[in-house]
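Got a few minutes and a structure viewer? Here are some exercises to work through, each followed by a solution.

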Amino acid sequence: MRPPTESPAAPSGQTRITDDLDQLLGVLPPPVRQALALPADREDLLEVVLDLGRIPEARYPGRARPLGDRPIERSDLGSVVERLGRFGGDNRAGIERTLHRISAIRNRTGDVVGLTCRVGRAVFGTVAMVRDLLGTGQSLLMMGRPGVGKTTALREIARVLADDLDRRVVVIDTSNEIAGDGDIPHPAIGRARRMQVARPEWQHQVMIEAVENHMPEVIVIDEIGTELEAQAARTIAERGVQLVATAHGNELANLIKNPTLSDLVGGIQSVTLGDDEARRRRSQKTVLERAAEPTFPLAVEMHSRHRWLVHVDVARTVDLLLRSQDPRPEIRALAADGSVSVEDRPAPRLLPKRRGHRAGEPASAAEPRVPPGATAPHTAVSGPTDTAAPARAQAALRPALRLLCCGVEERLIAQLAASCRWPVRCVAEIGEADAVLALRQQLGGCPDLRRQARLRRVPILVIKSGSLHQVERAVGRLLQRHGHAPAPAAPAAASEATAEPDDALAALEECRLAAEQVVLPRGQPVDLLPRSERVRHMQEDLAQRYRLRTQVFGAAEPQRLRLFPP
């Protein structure tokens with residue numbers, strides 16, 4: 001047996017490729033072998049296609065070229081089949097102690113009329129992109145289009161876990177693609193043990209057998225594709241065994257839509273919400289939610305051999321995808337010198353984040369928590385000619401207005417506090433509240449709240465609807481009664497030359513959050529806070545980039561903008 005051929009030695013940390021290409025070429029017909037004699041013809045070779053009555057073809061990344069001008073005959077196919085091992089139930093065969101895979105196409109009578117001879121290579125170094133994840137003990141799922149290198153990465157992961165991390169690794173090799181053909185596994189998997197599968201439909205049984213009989217710490221599986229295999233994977237994970245597997249699908253979103261394999265990421269179920277919960281979420285009463293914890297807490301989308309998208313929290317990613325939000329996974333790239341760069345996927349937004357706010361988080365989430373009775377930090381927005389600044393500065397010394405909401409969404413109060421810099425916050429108990437803001441319909445069903453407010457002399461302000469405009473007017477009135485002089489969202493007399501840049505940034509941030517968290521995912525219109533004409537135009541430009549419809553409301557300046565779904 002010839003020794004495996006290797007690429008020139010690479011410096012430490014770089015990728016190294018090992019193949020047995022001469023052994024694959026040795027089973028091909030002589031004319032095809034001669035057409036691939038030059039080293040340049042072998043470099044980056046993916047597969048050789050032999051179809052009866054057609055010119056043989058060599059395929060490379062992004063291109064293909066014919067091999068000679070003589071069509072393939074039955075005798076050519078017969079000579080190749082004779083040199084190979086036995087074809088399995090999946091019509092795949094191999095060459096002993098190599099990673100090459102030969103797949104057959106048969107006619108109705110079972111005769112071979114075509115062969116796909118795929119080159120198998122052991123590539124060392126690509127696992128560096130997920131090396132930090134392997135030591136966590138969490139199960140890892142890898143996805144990607146055919147030919148992107150899933151099996152190659154799986155092979156090296158098995159070697160690293162067995163040799164470098166000293167784990168007991170068992171490889172479930174259904175088609176002998178991971179560890180090669182024959183009874184002796186290929187050295188590319190290191191000290192990992194290999195269990196072969198007699199028939200592809202028995203893979204789930206061999207998975208369970210490996211756990212029950214051989215005490216593995218890690219099980220490596222290629223191509224989980226049936227519901228029984230997905231159930232077996234969940235059973236194995238629940239027994240505390242780490243799984244590393246590949247699955248059909250280009251990305252995590254495809255897996256969620258696949259009813260056969262969605263259990264790998266937690267499963268999807270339809271949930272009917274109650275009236276209060278649906279109103280709080282501003283969604284339909286029937287929504288899709290994740291059914292359980294994912295079998296694989298970690299997932300990798302392989303977009304190319306050197307660029308992977310890593311989801312370090314699959315549960316959170318699935319929840320965001322079900323709400324039509326962007327999960328923004330990590331982007332990991334492998335450079336030519338073997339170094340790995342990690343960066344966050346850019347958010348789908350057109351403006352920089354406000355300082356102290358995380359992407360996709362409501363503006364009020366970054367505000368510090370204020371203990372009861374303390375002063376909430378806020379900054380009054382004023383122009384150079386603002387004569388009300390001294391009054392607001394004096395009002396800033398007073399404690400923040402503490403509101404108990406009855407039927408009014410606390411999210412709207414937080415949005416007003418962040419956008420208008422109003423000293424107001426929500427509390428949960430009537431004993432901590434300075435006032436109660438209630439919807440008329442909700443207050444009628446809360447006699448205990450009215451009685452407690454009357455005993456404690458806490459004023460109640462009733463509004464007809466919970467729209468942002470009505471809530472803003474009500475909170476403004478309560479602030480005035482509490483001794484504060486709330487500034488409007490945008491001064492009516494402000495000109496383009498004197499408008500505060502922070503006010504414009506806050507308005508655009510408000511527009512972005514409304515578009516990404518309410519209008520697009522829930523399909524509901526949203527009223528923004530009143531703004532000056534210049535700032536409204538900026539909001540309209542931003543809304544157009546989200547392809548949203550807009551309309552201006554209000555009898556006089558400052559008017560407000562309403563966002564509609566596309």
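**Exercise 1. In which helix does Gly476 lie?** Then work out how Gly476 is placed in the fold.

Keep in mind that this is a predicted model.

- Step 1: Find the helix. Gly476 sits in H16, which covers residues 468-481.
- Step 2: Check the accessibility. Gly476 has 10% relative accessibility, and buried means under 20%, so Gly476 counts as buried.
- Step 3: Look across to Trp422. Gly476 and Trp422 are 54 residues apart along the chain, yet their C-alpha atoms are separated by 8.8 Å.

**Exercise 2. At roughly what angle do the axes of H13 and H16 cross?** Describe the contact as well.

- Step 1: Take the axes. Those of H13 (residues 410-420) and H16 come within 10 Å and cross at roughly 65 degrees.
- Step 2: Get the hand. The crossing of H13 with H16 is right-handed.
- Step 3: List who touches whom. H13 brings Leu412, Ile413, Gln415 and Leu416, while H16 brings Leu468, Val471, Glu472 and Val475.
- Step 4: Sort the residues of this contact by type. You get 6 nonpolar, 1 polar and 1 charged.

**Exercise 3. Are H7 and H8 roughly parallel or roughly antiparallel to each other?** Back up your choice with the angle, then go through the contact.

- Step 1: Start from the geometry. The axes of H7 (residues 203-214) and H8 (residues 227-238) come within 8 Å, crossing at roughly 15 degrees.
- Step 2: Apply the cut-off. Angles under 35 degrees count as roughly parallel, and H7 and H8 are therefore roughly parallel to each other.
- Step 3: Add the hand. H7 and H8 cross in a left-handed way.
- Step 4: Name the residues. From H7 the contact takes Gln203, His204, Met207, Ile208 and Val211; from H8 it takes Leu228, Glu229, Ala232, Ala233, Thr235 and Ile236.
- Step 5: Sort them. The H7 and H8 contact has 7 nonpolar residues, 3 polar and 1 charged.

**Exercise 4. What is the strand order in the open sheet of 6 strands?** Once you have it, explain what sets the edge strands apart.

- Step 1: Read across the sheet. The order is E5-E4-E3-E8-E7-E6, and the pairing is antiparallel.
- Step 2: Pick out the edges. E5 (63-66) and E6 (92-94) each have a single partner strand, so one side of each is left without a neighbour in the sheet.
- Step 3: Note the twist. On average, neighbouring strands of this sheet are turned by 25 degrees against each other, direction ignored.
- Step 4: Zoom in on one edge. E4 (residues 57-60) and E5 run antiparallel and are joined by 4 bridges. Arg59 has Ala64 in E5 as its bridge partner.
- Step 5: See what lies across the sheet's strands. H4 (residues 74-83) lies across E3 (47-51) and E8 (112-118), and runs at about 55 degrees to E8.

**Exercise 5. How many of the 5 residues of E27 are buried?** Find the strands that pair with E27, too.

- Step 1: Count. In E27 (residues 560-564), 4 of the 5 residues are buried, so E27 is largely enclosed by the rest of the structure.
- Step 2: Go to E26 (residues 549-553). E26 and E27 run antiparallel, with 5 bridges joining them.
- Step 3: Go to E25 (residues 526-527). E25 also pairs with E27 in the antiparallel sense, here over 2 bridges.
- Step 4: Home in on Leu563 of E27. Thr550 stands opposite Leu563, and Val526 stands opposite Leu563 as well.

**Exercise 6. Is Asn176 buried or exposed?** Do the accessibility for Asp44 too, and check phi for both.

- Step 1: Place Asn176. Look in the loop between E11 (169-173) and E12 (193-196).
- Step 2: Check its backbone. Phi of Asn176 is near 55 degrees, a positive value in a residue other than glycine.
- Step 3: Check its accessibility. Asn176 has a relative accessible area of 14% and is buried.
- Step 4: Move to Asp44, in the loop between H3 (39-42) and E3. Phi of Asp44 is near 65 degrees, again positive in a residue other than glycine.
- Step 5: Finish with accessibility. Asp44 is at 48%, which makes it partly exposed.

**Exercise 7. How many helices and strands does the chain have?** Round off with two chain-wide values.

- Step 1: The tally is 18 helices and 27 strands.
- Step 2: Of the 566 residues in the chain, 46% are buried.
- Step 3: Take the contacts with a separation of 6 or more. Residues 24 or more positions apart account for 59% of these.

Methods:
Residues numbered from 1 in each chain as written. Predicted model: local features only at pLDDT ≥ 70, side-chain atom pairs only at ≥ 80, totals over all residues. Heavy atoms only, no water. Pairing = 2+ DSSP bridges. Axes fitted to C-alpha atoms, helices over the stretch in contact; angles between N-to-C directions. Contact = heavy atoms within 4.5 Å. Parallel < 35°, antiparallel > 145°, perpendicular 65-115°, else oblique. Left-handed = near helix turned anticlockwise from the far one by under 90°. Nonpolar A, V, L, I, M, F, W, Y, C, P; charged D, E, K, R; others polar. Buried < 20%, exposed > 50% of the residue type's maximum accessible area, 1.4 Å probe, protein only.
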